[in-house]
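Okay, thanks everyone for coming. I'd like to walk you through one structure today, so have a look at it first.

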Amino acid sequence: MAAGVANTVWDMGEPKTSELMETLASLCKRRGFIFQSSEIYGGLNGFWDYGPLGTELKRNIKDYWWRSMTRLREGVVGLDASIIMHPRIWEASGHTSTFSDLMVDCLLTQRRFRADQIEAQSGTAYFYTGATEPGTGKECKDPFSALIATGKHPGYARELARKFYQLRGLKEPVLEGERSEPVQNTTRYNPENGSLLTEPRAFNLMLKTSVGPVESADNVSYLRPETAQAIFVQFKNVLEVSRQRLPFGICQIGKAFRNEINPRNFTFRSREFEQMELEFFIRPDEAVEAVCGRVAKPASPGHPGKPQPDWGWQLWHQYWVEERLGFYESIGLPRASLVEYWQKPEELAHYARATVDVLYKFPFSKRGPNGELLGEELEGIAARSDFDLSQHQRFAGRPMTVFDEELKAVWPKLDPAKQAELSERFFQHRLKYLLKTGEAPGPAEQSARQDAEALAKGYYIPHVIEPSAGVDRLALALICNAYSQDQAPDEKGKLETRVVMRFHPRIAPIKVAVFPLLKNKPELVQKAGEVRDLLRPWMSVFYDEAGAIGRRYRRQDEAGTPFGVTVDFDTLGEKGPELKDTVTLRDRDTMKQERVKIADLAPRLTALIR
Ligand code: ATP
């Protein structure tokens, strides 16, 4: 980095969050990364549009993810499913009944919060049983409470209470039944004004719509809240057509919608966003053990290496956590900016065996006791057992089992004690699942027994590891991470502050800018045009001939363009034939320039941006 470079956002000591986020949001607008949706109508909370640079950035993220998850691997294929699907899917997945957040409303301002996002506070709580208005005889028996700092005059609480009763139609309320008590770590009050909040209520986050010309309860459908379920419901079709055997994966990139209670932190929590999800299907551990004689266990932290046939879910899960961390590093997020957070047992979904969240230290992340950034979720990598496919098997009444020839062949050769042990373990696992779904013990046992018998014949429902990431959150992390300022000399050699978006060349929106040194020299302009056209088939190129060359560099620094190519008089061979058809290639980060043959540009830059 050049001298005087500001710290990256994730290791800044001081919490200057809002200032920094405002700077980033205004840069995003000014440079065309991100605009507020429907801006000329006043905007729509939780929705965002990507401008020219943002669109390229997102496309690069998605392309690179796609390449690294499918094209560069064996056994992972793609899917592009519809956004609106059969509503029963959301019953099977549990979204209809449980995909909700608890919300609370401020009794004074009606502002809505997610209950789990209210910070715990301590102080003195004042309680009122109601109020009357002596002049009119009006009364209100609604209780109210306000929290104020201990030692603060009770007048503050009374003022809030009076406002509350005024909102209920009492112009001059006289408060009744005041009492107070100290409270510790409560989340029942609005941290912004001390007013009591409503009791938490569940709020389903799915966005509803109705399909067809008649709006009725029968036509209710949902905009998908995640892309994953489409993969599960198309699992059998994809498996058949792609002639894959386990382990194999299906991945998808697409829009998802959640009616978030409180969209915030710029694009971090939006109501419309894109996900990149992989469902990686594996054998249940009992099948692995039957075929390989054992299930390998994680030996040490870190990448477990090349996949092996004796891996069970734990090693596959570790593998995907490490692969995904490697992905983030490969597009420029340093390891120190990421947190690998293992969900605690009480945080896990009931069907999940383990979930690791990959967090990025956004400037607005919560801080730990020493002021360090704790990070916010970019991606979750969950070991989801056979829950999802089992649910669709039950709800759709279609088998989601696969046939494993190797397992069928090996089972009869197993020691009977081993057969019994594996059958019993498989039976217990299936029984636990079926009982959780509410099935009565008798039928559940019978079904689980049948599942265990099917295992012995080579049939089972695959288990799944799911790395699920958000495109928009990643774009925001990359923007936060790229932002920096340094000192660079202007035209006259005087140092000035330079804003540089240090995107990794792989995901930078524009890869190279091509400039003729002077606009009014047709030979330079023509040659620069030729260089531009030469590079265009390989990468996104920006051509700029307007203004002083230093200014043109600065504009590209702010756009995060890693390379700049200038066509000058040397290129035309005016200073000697040895420099003819060479250009200067400038590096955004070091600002160093070197002379490069035009013919070498495309291969050289292509190698740097792949
Ligand atoms: P959070 O706890 O932050 O609400 P989540 O755990 O509900 O996220 P998942 O259901 O695991 O998220 O979704 C997978 C990924 O989709 C997340 O890691 C995130 O990158 C992205 N995502 C989820 N909700 C949103 C949102 N409202 N806005 C932008 N991206 C989102």
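I'll start with the ligand site, then go to two helix pairs, and finish with two backbone details.

Quick housekeeping: this is a predicted model, so local features need pLDDT of at least 70 and side-chain atom pairs count only at pLDDT 80 or more, while totals for chains, interfaces and linings use all residues. Residues are numbered from 1 along each chain as its sequence is written, and side-chain values use heavy atoms, with hydrogens and water left out.

Right, the ligand. How many residues surround it? There are 14, where being in that shell takes a heavy atom within 4 Å of the ligand. The closest are E260, R269, S270, E377 and L378.

Now some polar contacts, meaning pairs of N or O atoms within 3.5 Å. The side chain of E260 puts an N or O atom 2.8 Å from a ligand nitrogen. S270 uses a backbone N or O atom, also with a ligand nitrogen, at 2.8 Å. With G470 we again have a backbone N or O atom, 3.0 Å from an oxygen of the ligand. On its own the ligand exposes 590 Å², and the protein buries 81% of that; these areas are Shrake-Rupley with a 1.4 Å probe.

Which elements give two or more residues to the shell? Those are β16 (272-282), β19 (376-383) and β22 (463-470). Helices and strands here are DSSP runs: H or I of at least four residues for helices, E of at least two for strands, numbered from the N terminus. By type, the shell has 4 nonpolar, 4 polar and 6 charged residues, with Asp, Glu, Lys and Arg counted as charged, Ala, Val, Leu, Ile, Met, Phe, Trp, Tyr, Cys and Pro as nonpolar, and the others, Gly among them, as polar.

On to the helices. The axes, which are lines fitted to C-alpha atoms over the stretch in contact, with angles from 0 to 180 degrees between N-to-C directions, come within 10 Å for α2 (residues 52-71) and α14 (residues 471-482), crossing at roughly 115°. So α2 and α14 are roughly perpendicular, a label that covers 65 to 115 degrees; under 35 is roughly parallel, over 145 roughly antiparallel, and the rest oblique.

For α10 (residues 387-396) and α12 (residues 416-436), the axes come within 12 Å and cross at roughly 60°. That makes α10 oblique to α12.

Last, the backbone. L246 and P247 are joined by a cis peptide bond, omega about -5°, and P247 sits in the loop between α7 (235-242) and β15 (248-257). Q110 isn't a glycine, yet has a positive phi of about 70°; look for Q110 in the loop between β4 (100-105) and β5 (112-114).

Terms used:
Polar contact = N/O pair within 3.5 Å; in protein donor to acceptor, adjacent residues only side chain to side chain.
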